[in-house]
Amino acid sequence: AALAVVVAAALAQALSPGVVQFALGWVVVSFGLQRLIGHETSHPAARLAAQTKFLVSRIGDTAMLVAIIALLCGPGTTDFAELSAANASASAAALLAGVAVVIAFACKTALAPFQQWLIGTVDAPTPLSALLHAGVVNAGGFLIIRLSGLFAAAPAALDLLLLLGLISALIGPLVMWAQTDLKRSLAWSTVGQMGFMAAQCGFGAFGAALLHVVGHGCYKAEAFLRSGTLERAVETRPTTGAPWLNVAVWLSGFVLAFGVLFAAYSLLGHPPAQLPGGYTLVLVQALALGQVLATPAAGAIGVALRLAVLIPGGALYASLTIGVEWLLAGSITAAPALFDRSSAGAVLALLVPIALAALTLFWVLLPTLSTHAAVVGWRVHAGNGFYLPQLSERVLRGLQRVGRRVMPRT
């Protein structure tokens, strides 16, 4: 029954005409998930996960309530179509609504530091994990896309979203690579993927973000449902090979991917300078696609086959991005370019590709550096999630000590 409620409420969110209906769907989904996560009341980890989910969801619900009030006081409407058509004028109310929506997004989509409720669900049955990671957490991205008109009037809120997305996109993979538990590794992967999607929304590239939501949903559902057939959390990676050669292959993959994307976008009549996010978006996409050639996990696959995937795959990805942008053209409002927003937006436009390039380079060199003292120390801290789970437990215990009722009795 709880599962049916969650699915029905999620479908209602997708069909919501405005923020109020969407927020109500979020509340119903959160209570249904809490019931599913904590269905084994004798399991301490499940109880803790359900308590954490309850706390984070109420923070997100409070932020959504603030956003609704600000929208009614500012633009005067909570309807998605009206907000998009009116392109709400810049005001303090619009900025407050945008920031509140970003906070709600971070809570509901498990961005750092609100990710622990999602990580705790690894103790839930695997089909529930698949539903959570492949479907429910993606709702936040859908809301940001529907509210593009609001964020066009409050670009500072998009800068905040981009910053939170970057932090999650860095923390998620770093913790994931240090996990030995398969489901926990996949859960931290979701944190990184949601951060990547949030960063694309922060660029104003809503079409690319929606494409990422669909792709992540398909990939993560399949990964969780087949998790029982896998033997390890991280693929076997080669430990031999000169570091300079691995770096050279990585750079080659990045340059080739960037060239393919640049050519594809130009041939489609959308050169990178005219894309939402501009060259920053293309650089980030090239870093992601370049791993097809460069990732150590692909060492057993021939270079010719990897090139056969990378080149047409990059062209297809650019085509799909433009196609989704075209489909959404009548429903979204273009956000200001990163360099035109503020000094913070310009700094982030430079910081995001540099930070993600450093993360990718670390992944490429990880087999070589695995015995280095600094990397061994990183693994200890990352394996414990940089102690964010312990922080969540302390917050919950503190609330319980002062007499607050954190989770309804089930």
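Biologist: What makes the second largest pocket, of about 410 Å³, a pocket, and how is a volume defined?

Modeller: A pocket is an open set of points on a 1 Å grid over the protein atoms alone, with protein on both sides within 12 Å along at least five of seven lines. The volume is the space filled by probe spheres set on the points, which are joined across faces, edges and corners. This is a predicted model, where local features need pLDDT of at least 70 and side-chain atom pairs pLDDT 80 or more, while totals for chains, interfaces and linings use all residues. Residues are numbered from 1 along each chain as its sequence is written, and side-chain values use heavy atoms, without hydrogens and water.

Biologist: Why is C73 called exposed or buried, and what about C107?

Modeller: Buried means under 20% relative accessible area, exposed over 50% and partly exposed in between, with a 1.4 Å probe and protein chains only. C73 has 64% relative accessibility, so C73 is exposed. C107 has 2%, so C107 is buried.

Biologist: Good, and what makes F22 and F80 an aromatic pair?

Modeller: Rings of Phe, Tyr and Trp (its six-membered ring) pair if their centres lie within 6.5 Å; planes under 30 degrees apart are stacked, over 60 edge-to-face and the rest tilted. F22 and F80 are 6.5 Å centre to centre with 80° between the planes, an edge-to-face pair. Both residues are buried.

Biologist: How do you know that K53 sits over W117?

Modeller: The rule asks for NZ of Lys or CZ of Arg within 6 Å of the ring centre and within 35 degrees of the ring normal. K53 lies over the face of W117, 3.9 Å from the ring centre.
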